[in-house]
Amino acid sequence: MTEHLLSTLGLALRAGAVAVGEEPVGAAARAKKARVIFTARDAAASSVRRAYSFGRAGSCLCLPFPADKEDFGRALGRTSVAMCAVTDIGFAQSLVKKLAAAEPEIYGAAAETLDLKAKRARERKEEQLQHEKNLRQGQLAHEKAVKRRAERETAEAEKAAAEKDTNPCQAETV
């Protein structure tokens, strides 16, 4: 099970959805980009404390990962890694669900919390897409209205010019 989790984490890294190491994890958490922070099973107490502090600052979950620093590092292309932050909600949700399936008493509540966050993120994304669509449609409607107004004004001007030419009362006397 751990190997499958580590390979998923490696895939997330290749997708650019993982911050590896203390500084990048802290930066991702402060920028509110981190969705979940994982710490290695054998990480130093100060590193774990720092990771939980980053989690509180970034309003994200901070969970222990069932692998030691060397296995964690190997999956992430390093020699040894004490912490990493997953920045993509889909990868984070997938990893935490797999952890919850293996150990529900430890990761069950975190999986529910992340499910709720993922649902909210999907709703916000759908709302944003709908807003952008409304803006595009509004812009198109505005452009059509401007074009119709210009056509109407041109037609009225042509009609007025034609009436002026044919109306003997408006003809200029010489």
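This report covers the overall fold, the largest pocket and a few individual residues of a predicted model.

## Basis

Because the model is predicted, local features need pLDDT of at least 70 and side-chain atom pairs count only at pLDDT 80 or more, while totals for chains, interfaces and linings use all residues. Residues are numbered from 1 along each chain as its sequence is written, and side-chain values use heavy atoms, with hydrogens and water left out.

## Overall fold

The protein chain has 6 helices and 4 strands, arranged along the sequence as α-β-α-β-α-β-α-β-α-α. Both kinds of element are DSSP runs numbered from the N terminus: helices are H or I with at least four residues, strands E with at least two.

The radius of gyration of the protein chain is 30 Å, against a value near 16 Å for a compact globule of 174 residues. The radius is taken over C-alpha atoms, and the globule rule is 2.2 Å times the number of residues to the power 0.38. Along the principal axes, the C-alpha atoms fill a box of roughly 105 × 30 × 25 Å.

Of the 174 residues, 32% count as buried (buried is under 20% relative accessible area, exposed over 50%, partly exposed in between, with a 1.4 Å probe and protein chains only). About 11000 Å² of the protein chain is exposed, and carbon and sulfur atoms supply 52% of that area; accessible areas come from the Shrake-Rupley method with a 1.4 Å probe, and for residues only the protein chains shown count as cover. Among contacts (heavy atoms within 4.5 Å) between residues at least 6 apart in sequence, 74% join residues at least 24 apart.

## Largest pocket

The largest pocket has a volume of about 180 Å³. On a 1 Å grid over the protein atoms alone, a pocket is an open set of points where a 1.4 Å probe fits, with protein on both sides within 12 Å along at least five of seven lines; lining residues have an atom within 4 Å of a point. Points are joined across faces, edges and corners, and the volume is the space filled by probe spheres set on them.

The lining includes Lys32, Ser59, Ile89, Lys117 and Arg124. Helix α6 (residues 104–166) gives the largest share, 4 residues. By class, the lining has 4 nonpolar, 2 polar and 5 charged residues (Ala, Val, Leu, Ile, Met, Phe, Trp, Tyr, Cys and Pro are nonpolar, Asp, Glu, Lys and Arg charged, the others, Gly among them, polar).

## Two loop residues with positive phi

Most residues other than glycine have a negative phi. Lysine 32, in the loop between α2 (22–30) and β2 (36–39), has a positive phi near 60°. Lysine 32 is partly exposed, because its relative accessible area is 45%. Serine 59, in the loop between α3 (45–58) and β3 (61–64), has a positive phi of about 55°.

## Two buried residues

Threonine 39 is in strand β2 and is buried, at 2% relative accessible area. Leaving aside neighbours within four places in sequence, its contacts include Val48, Cys62, Phe65, Phe72 and Met83.

Glutamine 93 is in helix α5 (residues 89–102) and is buried, at 15%. With the same neighbours set aside, glutamine 93 is in contact with Leu114, Asp115, Ala118 and Arg122. Glutamine 93 and aspartate 165 are 72 residues apart in sequence and 76 Å apart in space, C-alpha to C-alpha.
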